[in-house]
Amino acid sequence: MKIHNFSAGPAILPRTVLEQASAALLDFNGSGLSLIEVSHRDKDFEGVMHEARAAVKRLLGLGDDHEVLYLQGGASLQFAMVPMNLLRPEGKAAYVNTGTWATKAIEDAQKLGKVEILASSEDKNFTYLPTGYSIPVDADYLHVTSNNTIFGTQMPHFPESPIPLVCDMSSDIFSRPVPAASMGLIYAGAQKNMGPAGTTLVVIRKDLVGQSGRKLHAMLDYGVHIKGQSMYNTPPVFAVYVSLLTLQWIEAQGGLEAMDQRNRAKASLLYHEIERNSLFRPTVTDGTGSLMNVTFVLNNEANASIFESLLKKAGISGLKGHRSVGGYRASLYNAMPIESVQVLVDVMQALENQQA
Ligand SMILES: Cc1ncc(COP(=O)(O)O)c(C=O)c1O
């Protein structure tokens, strides 16, 4: 039976990418060796790292002002590395709190210096995105989260920031065009839209490197990783390779404009059904519902067990909402075909028909 994978991450990847990755596990570039048993200093792997970094630049429309790194430690390590590298000990950082991940980023930054929280949607369990805050020009940077994976809100556009904008794009990187060239720093765990778990993308504007003036351990210093061309130490070779394949797939599909169109069509199909079907309601209240993680609940919890058995019968996997929101979360990352979203909509309608 076909399984429709709505998991929030690690998440669905294109079938062709999985096939290419499987082949490289047995024979990498015709070498007779597995991708994971050759040296990362081998010229074939150096080519992979070089091409993956170049593909990120092409997709995001970046020039020489930015560097691209594939690091480890997940997006969570960036919660610490960002302030270590960008926040001066006597300076301050500005954060917008839009969910669990932003809260964690704030907590890590607070361990290193002064943090001003410009706005928060915690008062309503992060069901909306705050607007109308003003950005202090004397802060070292402004940190935002473009897509809130757990609560299902997504920034429709990015603030015009007079200070370097730092964005956690873990769950919507490469899903739509973004003004990356004007941003200071972007980071994203790979395991949603750009590959498997195990590597983290960091894009940084070169002039911000070393900005904090702090003495840092080598592995925590962006400057060290830039100098090492993202191979200061052994990189996660498999994760980087699969990320390259995923980026090549995105380019072959038509790039970020094409991803955006497909993602909008999928999300609109599902949001429309959530609005139309009297058994369900969305959890996001201000129209900032995410194109990547669509969160919704049943109006009557008594329907949960029958809905879940219909989901199972239809081969729908990974739809359970995060425990802090409850209900359901349909993650519609780039590789999710619209046909799978239609299967979910059909199940929602089948549930409605059973009630009639
Ligand atoms: C928006 C966002 N930021 C950060 C993280 C943490 O990522 P990691 O598990 O790679 O540390 C996640 C994980 O789901 C996320 O969705």
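**Ligand shell and internal cavity**

By class, the lining of the largest cavity comprises seven nonpolar, three polar and one charged residues, where Ala, Val, Leu, Ile, Met, Phe, Trp, Tyr, Cys and Pro count as nonpolar, Asp, Glu, Lys and Arg as charged, and the others, Gly among them, as polar. The model is predicted, so that local features need pLDDT of at least 70 and side-chain atom pairs pLDDT 80 or more, while totals for chains, interfaces and linings use all residues. Residues are numbered from 1 along each chain as its sequence is written, and side-chain values use heavy atoms, with hydrogens and water left out.

**Cavity**
- The largest cavity, a set of points on a 1 Å grid over the protein atoms alone where a 1.4 Å probe fits but cannot get out, has a volume of about 40 Å³, taken as the space filled by probe spheres set on the points.
- Its lining residues, which have an atom within 4 Å of a point, include Ile 12, Trp 249, Tyr 333 and Lys 192.

**Ligand shell**
- Among the residues around the ligand, with a heavy atom within 4 Å of it, are Phe 79, Trp 101, Thr 149, Asp 168 and Lys 192.
- The shell divides into three nonpolar, six polar and two charged residues.

**Polar contacts**
- For pairs of N or O atoms within 3.5 Å, a polar side-chain atom of Asp 168 lies 2.6 Å from a ligand nitrogen, and an N or O atom in the side chain of Thr 149 is 2.4 Å from a ligand oxygen.
- A polar side-chain atom of Lys 192 lies 2.9 Å from an oxygen atom of the ligand.

Notes. A polar contact is a pair of N or O atoms within 3.5 Å; within protein, one must be able to donate a hydrogen and the other to accept it, and residues adjacent in sequence count only if both atoms are side-chain atoms. On a 1 Å grid over the protein atoms alone, a cavity is a set of points where a 1.4 Å probe fits but cannot get out, and a pocket is an open set with protein on both sides within 12 Å along at least five of seven lines; lining residues have an atom within 4 Å of a point.
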